[in-house]
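Hi,

Here is the structure I promised to pass on to you. Have a look at it first, and then read my notes below with the picture open.

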There are 4 protein chains.
Amino acid sequence: MSKIRVVIWNEFRHEKTHAAVKAIYPAGMHQAIKDGIAAEDLDIRLASLDEPEHGLTQEVVDSTDVLIWWGHCAHHEVDDKIVDRVQKRVLEGMGLIVLHSGHFSKIFRRMLGTNCSLLWREVGEKERLWNIEPSHPITQGIGEYFVLPHEEMYGERFDVPQDGKTIFISWFEGGEVFRSGLAYERGHGKIFYFRPGHETYPTYYDKNVLKVIGNAVRWAKPVILAKHICPKSEPLETIYTINPATGSAGIKQEV
Amino acid sequence: MSKIRVVIWNEFRHEKTHAAVKAIYPAGMHQAIKDGIAAEDLDIRLASLDEPEHGLTQEVVDSTDVLIWWGHCAHHEVDDKIVDRVQKRVLEGMGLIVLHSGHFSKIFRRMLGTNCSLLWREVGEKERLWNIEPSHPITQGIGEYFVLPHEEMYGERFDVPQDGKTIFISWFEGGEVFRSGLAYERGHGKIFYFRPGHETYPTYYDKNVLKVIGNAVRWAKPVILAKHICPKSEPLETIYTINPATGSAGIKQEV
Amino acid sequence: MSKIRVVIWNEFRHEKTHAAVKAIYPAGMHQAIKDGIAAEDLDIRLASLDEPEHGLTQEVVDSTDVLIWWGHCAHHEVDDKIVDRVQKRVLEGMGLIVLHSGHFSKIFRRMLGTNCSLLWREVGEKERLWNIEPSHPITQGIGEYFVLPHEEMYGERFDVPQDGKTIFISWFEGGEVFRSGLAYERGHGKIFYFRPGHETYPTYYDKNVLKVIGNAVRWAKPVILAKHICPKSEPLETIYTINPATGSAGIKQEV
Amino acid sequence: MSKIRVVIWNEFRHEKTHAAVKAIYPAGMHQAIKDGIAAEDLDIRLASLDEPEHGLTQEVVDSTDVLIWWGHCAHHEVDDKIVDRVQKRVLEGMGLIVLHSGHFSKIFRRMLGTNCSLLWREVGEKERLWNIEPSHPITQGIGEYFVLPHEEMYGERFDVPQDGKTIFISWFEGGEVFRSGLAYERGHGKIFYFRPGHETYPTYYDKNVLKVIGNAVRWAKPVILAKHICPKSEPLETIYTINPATGSAGIKQEV
């Protein structure tokens, strides 16, 4: 069986400009995630904002099965042409996993059509993620819940379409709740939003978080990869109605 | 009770350039729809592509409860800024009713995030629309099905998110089927896609079609109209976890 | 406009046998809810388990638009024939509002098909219900969240179908979360599950809880009331295929 | 990898009493399906109504991963205790594939909670099934559509919950449409309804029909098999609220 071709995309700015972040993720969050989910069946590459075409050239996108996305302070710097390219590929079947502050990324808002707004607070409080779908592929190996000792808080109302299958709901120490794992399908592609991962905490070293991301990659890999077309189609049955525009009828496709 | 403020937006090009279309809709399809759904509880205005800002100035959009959209050959001429404006208003609560070839409009694809592609054929064949949800507000007054003697064919697969509630499914004489009425919610707004309405047939004089559009206007009117914000939020409970970044804890909102 | 005919059904056992419950609800929880939601547009009757046919005779059910259900310790005493009768009426269009421990009632499990199991604990802890759908009719007049100072805890995983629209998510002081307001449609009827209401707390005097129940009654009232049939149907189009069983074809319904 | 343990359950009455049916399916429809989907990864057994406990003893059900169900004239003869047993197993994770007239079986109605009524007609007309979800596991190997030359007609409105993912929509020669492939999840189990298969036509020899059933078996196999419980749960966080019933607080689970 061929390997799943994964690209982990990271904005990769905080790690360069914030000493506290650099201390936790010296090679970037994308590298930490790569190391954490590395496995025989995955072929993982990295890409980031400041590379040419953000590291997402047509060649790279065309050879990607699942794209993981982390962005925060520079969403607006992502070129709309690259967003178009990624959206097209997702609709053709590529999986997309959006992490944490990626909720406000151009690509996530483009795919869902909503604001993706929420409440937030950063005081390093405790988060407990409840596993709402124990029979979903994404939660295999995860218990009834798991705890992150320090995280940024994201609270409801999360402005997203309600057809997201709710995989996790978070409890926050400060009194809020959040739909922290949401699974969508758009076109032929699967999309998973996963809440945790603020840059100032070592969340991407947590074994449960890595387990979820790894599971999500397998879940989101393409079943098919197909171009979308909008074809004119010949009739499959004899049409007896007279077309008022032409005065003729009886058209039928030769098979 | 105040009236529902409706704007019917029409590309309004075919009616000027095609004699056959002009013969059917001398004042435009938007005018025919306005005449057909006119009622005491509705305050209806018209807008079209070639007006300044396509007739959808900030003032117009801000005073609209439900926007009806018909476009076909000039989707690409619609200014992205106007699409942004309309999308923002829908997410705030405005209803949006997209008709027929509007499936490929910028605003519909923006709201749903998918290609919205389909099969099509124009030979004036018979269409029968089956009422799948007889207890939905949009189908009140509509029987088990209704027939349009001549229509353009749209066939599956229709590339849209599956959370659309299927209100109608069409049978076409040439052998295809189509989800012809789909009801979505995005942000605080409701969206209804309604398939019929090719410009070369008198579809917008059909009493069932007009009944559905009129019902959809009442269904789609805003429950609330609210700006989307993404606020920083103070804790509602005492937080005992020590923030590793600051060394402090115990923050609680004063109520 | 005619009034909405509401029946509030209560098991009505705890109030007779537990002094602490009787002290809070001397005339029963159903009476407290009736008093709390009383309004011009509602015609409210009461019914309870120990009445003949549990107070739900064919005549009562046939004249009910919305049925509210509270049960706990005696679910098994509810006669299956009455459950059949109520289910049939819901599928015909009657609204059903299931409260708190009614999650394990025969009628709720019958309507949803699942176990409806959950975690639970009764230590009188604080519950905060987050309003996830501020534009839904059920949440009108409710703020971003509301707090109940003492409640029984219900925690996820709640074993229910995922097509329930999530209206509220609860945060519990002890660390759990719960989808506390869920809106379903089955047949022509609407169903709303609302979590709060343990018998040892004065929850049904809380103004937010009463507001939600009152809103739910208006939301759940029938759009139509229709018998379900499964009719043999004559063809609507000429059938040219030869029926191998009869050797004939060309059947068409006379209209 | 262990094999998927499949049981094909057939009412198996028509094949004994109707010569025309016996001529098509001399060993029963279940045997034809077994022969048609036989593969290395499947361990297939047969069961039928007139066996003790309908062939679905506790031992058989407990060792089944996916149950396929065909019934028609004798739904009412299926023992409610066996229906309870199957429902419990589906909620624990077993897959359930319901064929054709099984729409009115006790088990399907039990799982969905609705009437599952529809229109019907038996004149051997042509059916075309459109593939609505080309990227779903159930449609792999199926083209844009496939045709059955003779089938019983089932028409909308099909009274089922709307959370069924629509995999196929049928076009019938006589003018009707039908959601012919519907995928549900209930508890930990997956359910697929597949419309074709009237006993008087050789539908279960059709290669597309068999391909769909075989795909559905792989899709519906359990991800987990877990008993449902409804446990009392100790607090995970310190509770500071004083329980009015006991006057105490501060309970916390020892981990």
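Let's begin with how two of the copies relate. Chain A can be laid on chain C by a turn of 180° with a shift of 0.0 Å along the axis, and the RMSD of that fit is 0.0 Å. That is the relation of a two-fold axis. If you want to find the axis on your screen, look for Trp171(A): in chain A, its C-alpha is the one nearest the axis, at 3.3 Å. Both copies use the same surface here, as 100% of the contact residues of chain A recur in chain C. One thing to keep in mind as you read on is that this is a predicted model.

So what does the contact between A and C consist of? Chain A brings 13 residues to it, and chain C brings 13 residues as well. On the side of chain A that touches chain C, the elements giving two or more residues are β5 (119-131) and β7 (165-172) of chain A. The largest share, 3 residues, comes from β7(A). By class, that side of chain A divides into 6 nonpolar, 2 polar and 5 charged residues.

Now for the contact between A and B. How many residues does each chain put in? It takes 46 residues from chain A and 46 residues from chain B. On the side of chain A that touches chain B, you'll find α6 (106-112), β5, β6 and β8 (177-186) of chain A as the elements that give two or more residues. β5(A) gives the most, with 7 residues. Sorted by class, this side of chain A has 19 nonpolar, 16 polar and 11 charged residues.

Next, chain A by itself. You can count 7 helices and 9 strands in it. Taken along the principal axes, its C-alpha atoms fill a box of roughly 75 × 40 × 40 Å. Of the 255 residues in chain A, 57% are buried. Among the contacts in chain A with a separation of 6 or more, 69% are between residues 24 or more positions apart.

Chain C is a good place to look at a pair of strands. Strand β5 (residues 119-131) of chain C pairs with β6(C) in the antiparallel sense, over 8 bridges. To see one of the partnerships, find Arg121(C): its bridge partner in β6(C) is Met153(C). Is β6(C) enclosed or open? Strand β6 (residues 145-155) of chain C has 8 of its 11 residues buried, so it is largely enclosed by the rest of the structure.

For a helix, try α5 (residues 80-92) of chain D, where you can do a little check of your own. At 1.5 Å a residue, its 13 residues should span 18 Å, and the end C-alpha atoms are 18 Å apart, which agrees. (If you get a bit more, remember that the expected span is 1.5 Å times one less than the number of residues.) Several residues of α5(D) are buried, including Ile82(D), Val86(D), Val90(D) and Leu91(D), and Arg85(D) and Arg89(D) are on that list too. What covers the buried residues of α5(D) includes α4 (58-62), β3 (66-70), β4 (95-99), α6 (106-112), β8 (177-186) and β9 (189-194) of chain D. Just after the helix, Gly93(D) takes a positive phi of about 140°.

Finally, a few backbone oddities to hunt for:

- Glu156(A) and Arg157(A) are joined by a cis peptide bond, with omega about 10°. Arg157(A) sits in the loop between β6 (145-155) and β7 of chain A.
- In chain D, a cis peptide bond also joins Glu156(D) and Arg157(D), again with omega about 10°. The loop that holds Arg157(D) runs between β6 (145-155) and β7 (165-172) of chain D.
- Cys116(B) is not a glycine, yet it has a positive phi of about 60°. You'll find Cys116(B) in the loop between α6 (106-112) and β5 (119-131) of chain B. Cys116(B) is buried, because it has 22 other C-beta atoms within 10 Å and the cut-off for that is 20 or more.
- Phe12(D), not a glycine either, has a positive phi of about 55°. Phe12(D) belongs to the loop between β1 (4-10) and α1 (14-17) of chain D. With 23 other C-beta atoms within 10 Å, Phe12(D) is buried as well.

Have fun with it!

Conventions:
Residues numbered from 1 in each chain as written. Chains lettered and ligands numbered in written order. Predicted model: local features only at pLDDT ≥ 70, side-chain atom pairs only at ≥ 80, totals over all residues. Contact = placed C-beta atoms within 7 Å. Helix = DSSP H or I, 4+ residues; strand = E, 2+ residues; numbered from the N terminus. Nonpolar A, V, L, I, M, F, W, Y, C, P; charged D, E, K, R; others polar. Buried ≥ 20, exposed ≤ 12 C-beta atoms within 10 Å, placed from the backbone. Least-squares fit on C-alpha atoms with pLDDT ≥ 70 in both. Pairing = 2+ DSSP bridges.
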